[in-house]
Structure formats: structure tokens, C-alpha cells
Amino acid sequence: MRVVHYLNQFFAGLGGEEKAGALFETREGAVGPGKLLEQLLGDGAQVVMTLVSGDNYAVENQQSIIAAVLEKVREANADLFVAGPCFQAGRYGMAAGALCSAVQAKLGIPVITGMAQENPGSDLYRETLFIIDSGDNAAKMRDVLTRMATLAKKLLAKEAVGLPKEEGYIPRGLIRDHFVEKTAAERLVEMVLAKVKNEPFESEMIPTAFAPVPMPPGVRDLKKAKLMLITDGGLVPKGNPDRIQSSAATRWGSYSIKDCADLRGEDYEISHGGYDPQFVRQDPNRLVPLDVMRELEQEGVIGELYDEFISTSGLANPLSNTRRMGREMAEKAKRLGIDAIILTST
Amino acid sequence: MPIAEMVGANRPVLGNGIVHVMGDAKVSVDEEKRVRRQLVQKALEALQRDDNS
């Protein structure tokens, strides 16, 4: 079995954060955790090539690194592609997820990675990939690699994969049929009885989990701050130039408010189902408070208002979508040096 | 607001109803602008804090 393994600069032994800019490179054979991976896979498995990149380089050059990895994995004639495990390292997890999903989609070979549930890469890629839940403790390397190797072998042999709990991967949100002894009604009554008696029971509905987003520190000097307005209320220029869908939107837009003292109803429309848009149509400031922001800007209460507002429609949208759009908006705001954002939500 | 709290959004400020989060269709134009200004000021205060209090 021929394996190609992806590692970041740290696990490849190049160095820590100071080496995060390290360029993409190829090594022959197994490196670092790859040696243990090889042993755990057994059966004469061989890590024929290790691909290494600094975390910053991988995230900043995602498209070119994906292309390079696809080429190398194809060249190596690999049966299996492995990335990580990445534990809590966010950029590493994002790169591992992007690379695994590209290899899986383009080359059709089994892929496996590992990361903590809180890793942003898990949010983005758990629906597409088998990601072993590594937790955040890199000292558990052997245990994590063991589970990665076990599941990888199953994928290679095209054996049935068990439930997330049994195999140790992060739930993918897939629904599949299986036979049970008791009807839904019987199971439900048993759960209710157990709950009443304070006995343990396991719900069949998995509530969506929201990993806490750390709060950045407050704005220190509002008079110097650059602010931006965002809304998920679906306010778009007349004609909806970006064709933002009124439900389950996959797109967002950024619209100029340069030299505008306020927003006028005749210039805008609402692309958002589910709420009565007549009031915002009459006066869009009721959703995007431009008039007041301009006053505060003039009075010097705030430093500056960025001259575009961002908009999308926040209705009946899968989390994978909204998380992606949120990230894209945050990247834009960061690039523009925005200090704070007021996001109005319907 | 319950949704913002459920998903753990940082610094939530309660707006004035879904149909006009930053306005009020029931009052005069001048009064509505005062309402909006108060809401924006609440948001600006929240932005200067280091917690959700």
C-alpha cells in the first residue's frame, strides 16, 4: 500500500511559528508521525512521500498548494492520502481539510485526517471527510494515529464504516437507514420514562453544537475606529445585482454607500423570505442604520464608516454555508483594517 | 435575540422587532431616528466592552 502523508512545518520538524511561512516541499519516505503511521497501517504499508508546508504558506496559497499536492499524489501512484493529525492547530486543520477533500474529489482515493472538533477545519470539512477526533492533546499522537490507520484500512477495503462514536470520527451529519428492534414510539416513551426517573438515556436527535467564538477585546478608541455595517436582512440594490437568494443564500454582496447620507427606499429591495419587508422597503435605514452612522461620523463619535455595506440573506441556510460566508466577510473586513462591525439581523 | 444567544454570538443587542430592527414604524420620523440612534449607541457601547455584560 502506497501512502502519501501531509504535515505542517511543526510536525515535519522544521520549526514552530517562526517557520510558518515555509514553502511547500516534498520529502521521500516517512517523516515524524509518518513513521508511526506506517507501522500502524502494517501490511507492508509504505509512506512513499511526505509533503510539507508552513501553515501560513498553505493557507495563503491554498489553490496552488492544492494543485501541487494533486500532482504529487498522482505521481506517487498513492492508494491512500493522509493529512495530520492537526489537533487544535487551526491553519493546519484548514489546509489538511482542503487537501483531503481535493484528493478525494479529484483522484478518488481514500483520504483520512484527524483534528479537534473545535478546529475550524472540522467545521468546514467534517461533512465531506472522515476526520478522526484527535482532541487537542498532541501527546495522544499514537492513539489518534491508531484510529486513523484503522479507519483508513476500512476505507481501503471498502468495508462498512461504523458510527462516529464507534470509529472515533467527527459526526458528518449523514443520515442512513438501519434496522432497530423497537418502534420510534416505544423508544420515545422509554426515553421519557428514563428522563423522569433521572436515568441516563441517549437522544436520537443531535443538537447542533456551536463552538464558542472567542470575543476580541473591545474597541479602545471609538473616535479613531473604522466601522463597517453588515446585515443578514437581505437588503440589496434594486435588481439584486449579485442574485442573492432569498432563502438558503450561497452568496453575499458588498454595496457602495460612498457619499450617501442615508439609504433611500427607491434604490433598494429585499431578497429575504420569511419577514414582512414593507417597512425596510419604505426606509432601508430601519435595517442598515446609515443615517445615524453618518451623523456619528460627522460628530466625531466614530472615526470612519467604511464606504460599502455587506449584505446577505440569513434564512433557512445550512451552517456550512453561513460559516463559509461569515469567514469570507471576516477576511474582507480584516484585509480592510476594519476595527468593529455592527451586524443587523432580522 | 434568543437565536443570537443560542449560537453564542458576541455582544448581542436587542433590536426593535424583526420587521424594523433599527427603526419603529409606529412613531414619527424624528422620534424613529431617536430610537435608531439609541440602538446604535447601545451597539457602540457593547463594542467597547470586553465581555457580554
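A residue counts as exposed here if 12 or fewer other C-beta atoms lie within 10 Å of its own C-beta atom. Keep that cut-off in mind for the views below, which show a predicted model.

**Figure 1. Asp43(A), an exposed residue with a positive phi.** Welcome to the loop between helix 1 and strand 3 (46-53) of chain A, where Asp43(A) lies. Asp43(A) has 8 other C-beta atoms within 10 Å, so it is exposed. Its backbone is worth a look too: phi of Asp43(A) is near 50°, a positive value in a residue that is not glycine.

**Figure 2. Gln39(A) and its distant partner in sequence, Ala149(A).** Gln39(A) sits in helix 1 (residues 33-41) of chain A. It has 13 C-beta neighbours inside 10 Å and therefore counts as partly exposed. Along the chain, 110 residues separate Gln39(A) from Ala149(A), yet their C-alpha atoms are 9.4 Å apart in space. For the wider setting, 73% of the contacts in chain A between residues at least 6 apart in sequence join residues at least 24 apart.

**Figure 3. The largest nonpolar core, with Val82(A) in view.** This core has 55 residues, and Phe81(A), Val82(A), Ala96(A), Leu99(A) and Met148(A) have the most contacts inside it. Helix 4 (residues 90-107) of chain A gives the largest share, nine residues. A second, separate core of 31 residues includes Met293(A) together with Met22(B), Leu39(B) and Ala43(B). Back at Val82(A), the contacts beyond four places in sequence are Val3(A), His5(A), Leu37(A), Ile112(A), Met148(A) and Ala152(A).

**Figure 4. The cis peptide bond between Gly84(A) and Pro85(A).** If you follow the backbone from Gly84(A) to Pro85(A), you cross a cis peptide bond with omega near 15°. Pro85(A) is in the loop that runs between strand 4 (80-83) and helix 4 of chain A.

**Figure 5. Asn240(A), partly exposed in a loop.** Here the loop joins strand 8 (235-237) and strand 9 (253-256) of chain A. Phi of Asn240(A) is near 45°, again a positive value outside glycine. Asn240(A) counts as partly exposed because it has 16 C-beta neighbours inside 10 Å.

**Figure 6. Where chain B meets chain A.** The contact draws on 21 residues from chain B and 26 residues from chain A. On the chain B side, 10 of these residues are nonpolar, six are polar and five are charged. Chain B itself has two helices and zero strands, and buried residues make up 26% of its 53 residues. Chain A has 11 helices and 13 strands, with 37% of its 346 residues buried.

Conventions
Residues are numbered from 1 along each chain as its sequence is written. Chains are lettered from A and ligands numbered from 1 in the order in which they are written. This is a predicted model: local features need pLDDT of at least 70, side-chain atom pairs count only at pLDDT 80 or more; totals for chains, interfaces and linings use all residues. Helices (H or I, at least four residues) and strands (E, at least two) are DSSP runs, numbered from the N terminus. A residue is buried if 20 or more other C-beta atoms lie within 10 Å of its own, exposed if 12 or fewer, and partly exposed in between; C-beta atoms are placed from the backbone. Two residues are in contact if their C-beta atoms, placed from the backbone, lie within 7 Å. Ala, Val, Leu, Ile, Met, Phe, Trp, Tyr, Cys and Pro count as nonpolar, Asp, Glu, Lys and Arg as charged, and the others, Gly among them, as polar. A nonpolar core is a set of buried Ala, Val, Leu, Ile, Met, Phe, Trp, Tyr and Cys residues joined through C-beta atoms within 7 Å.
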